[in-house]
Amino acid sequence: ASHVVVSSRIVGAEGAISALPLTEDGCFVPGARTKIRGTIGRGVRDFVVVGGGGSGDDAAPVVIAANQDTDEIVVLRDGKEVEILTKDALTPVCLCVVPN
């Protein structure tokens with residue numbers, strides 16, 4: 001199933017990444033539950049969705065998010081705790097995945 005993934009910069013609170021499900025023809029699903037994950041940091045400035053083509057742990061896509069106000073880059077995996085990649089990314093504003 002496809003989703004639209006959005007970030008939320010909540011003033012004075014933890015940021016969030018939300019996945020809004022879509023129907024096969026690309027419309028929002030009325031009344032559907034939205035998956036929301038906190039990013040443990042503040043000011044989600046950018047995010048990328050990576051993976052999803054492998055097997056095992058690589059089968060599900062992951063979200064990498066940049067928390068601008070708390071200088072963090074984190075990884076969100078479905079069903080797992082948020083993983084902090086670094087707390088030393090000074091005011092991250094953009095993430096870019098560079099293919100091999």
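In these exercises, helices (H or I, at least four residues) and strands (E, at least two) are DSSP runs, numbered from the N terminus. Two strands pair if DSSP finds at least two bridges between them.

The model is predicted, so to speak of a local feature takes pLDDT of at least 70, side-chain atom pairs count only at pLDDT 80 or more, and totals for chains, interfaces and linings use all residues. Residues are numbered from 1 along each chain as its sequence is written, and side-chain values use heavy atoms, with hydrogens and water left out.

**Exercise 1. Work out the strand order of the sheet that holds β1, and trace its bridges.**

Step 1. Start with the order: the 3 strands run β1-β2-β3 in an open sheet, with antiparallel pairing. At the edges are β1 (3-8) and β3 (35-38), each of which pairs on one side only. From one strand to the next, the twist averages 15 degrees; here axes are lines fitted to C-alpha atoms, for helices over the stretch in contact, and angles run from 0 to 180 degrees between N-to-C directions.

Step 2. Now follow the bridges. β1 pairs with β2 (residues 16-21) over 6 bridges in the antiparallel sense. Along this pair, His3 stands opposite Pro21, and Val6 has Ser18 as its bridge partner.

Step 3. Cross to the other side of β2, where 4 antiparallel bridges join β2 to β3. Ser18 turns up again here, opposite Ile36 in β3.

Step 4. Finish with burial: 5 of the 6 residues of β2 are buried (buried means under 20% relative accessible area, exposed over 50%, partly exposed in between, with a 1.4 Å probe and protein chains only).

**Exercise 2. Do the same for the sheet that holds β4, and then look at the hairpin of β6 and β7.**

Step 1. This open sheet has 4 strands in the order β4-β5-β6-β7, again with antiparallel pairing. Because β4 (44-50) and β7 each have a single partner strand, one side of each is left without a neighbour in the sheet. The twist averages 25 degrees from one strand to the next.

Step 2. Between β5 and β6, which run antiparallel, there are 5 bridges; Asn67 is matched with Glu72 in β6. Strands β6 (residues 72-76) and β7 (residues 83-86) are joined by 3 antiparallel bridges, and Val74 has Ile84 in β7 as its bridge partner.

Step 3. The hairpin has 6 residues between β6 and β7, and Gly79 there takes a positive phi near 80 degrees. Glu81 is also in the loop between β6 and β7. With a relative accessible area of 72%, Glu81 is exposed. Glu81 and Gly38 are 43 residues apart in sequence, yet their C-alpha atoms are 9.9 Å apart in space.

**Exercise 3. Find residues other than glycine with a positive phi, and place them in their loops.**

Step 1. Keep the background in mind: most residues other than glycine have a negative phi, and most peptide bonds are trans.

Step 2. Ile40 has a phi near 60 degrees and sits in the loop between β3 and β4. Its relative accessible area of 43% makes Ile40 partly exposed.

Step 3. Asp71 likewise has a positive phi, near 60 degrees, and lies in the loop between β5 and β6. At 21% relative accessible area, Asp71 is partly exposed.

**Exercise 4. Describe the largest pocket and its lining.**

Step 1. Its volume is about 420 Å³. On a 1 Å grid over the protein atoms alone, a cavity is a set of points where a 1.4 Å probe fits but cannot get out, and a pocket is an open set with protein on both sides within 12 Å along at least five of seven lines; lining residues have an atom within 4 Å of a point. Grid points are joined across faces, edges and corners, and a volume is the space filled by probe spheres set on the points.

Step 2. Of the 17 lining residues, Ala19, Lys35, Pro61, Val63 and Asp78 are the closest to the centre. The elements giving two or more residues to the lining are β1, β2, β3 and β5 (62-67).

Step 3. By class, the lining divides into 11 nonpolar, 2 polar and 4 charged residues (Ala, Val, Leu, Ile, Met, Phe, Trp, Tyr, Cys and Pro count as nonpolar, Asp, Glu, Lys and Arg as charged, and the others, Gly among them, as polar).
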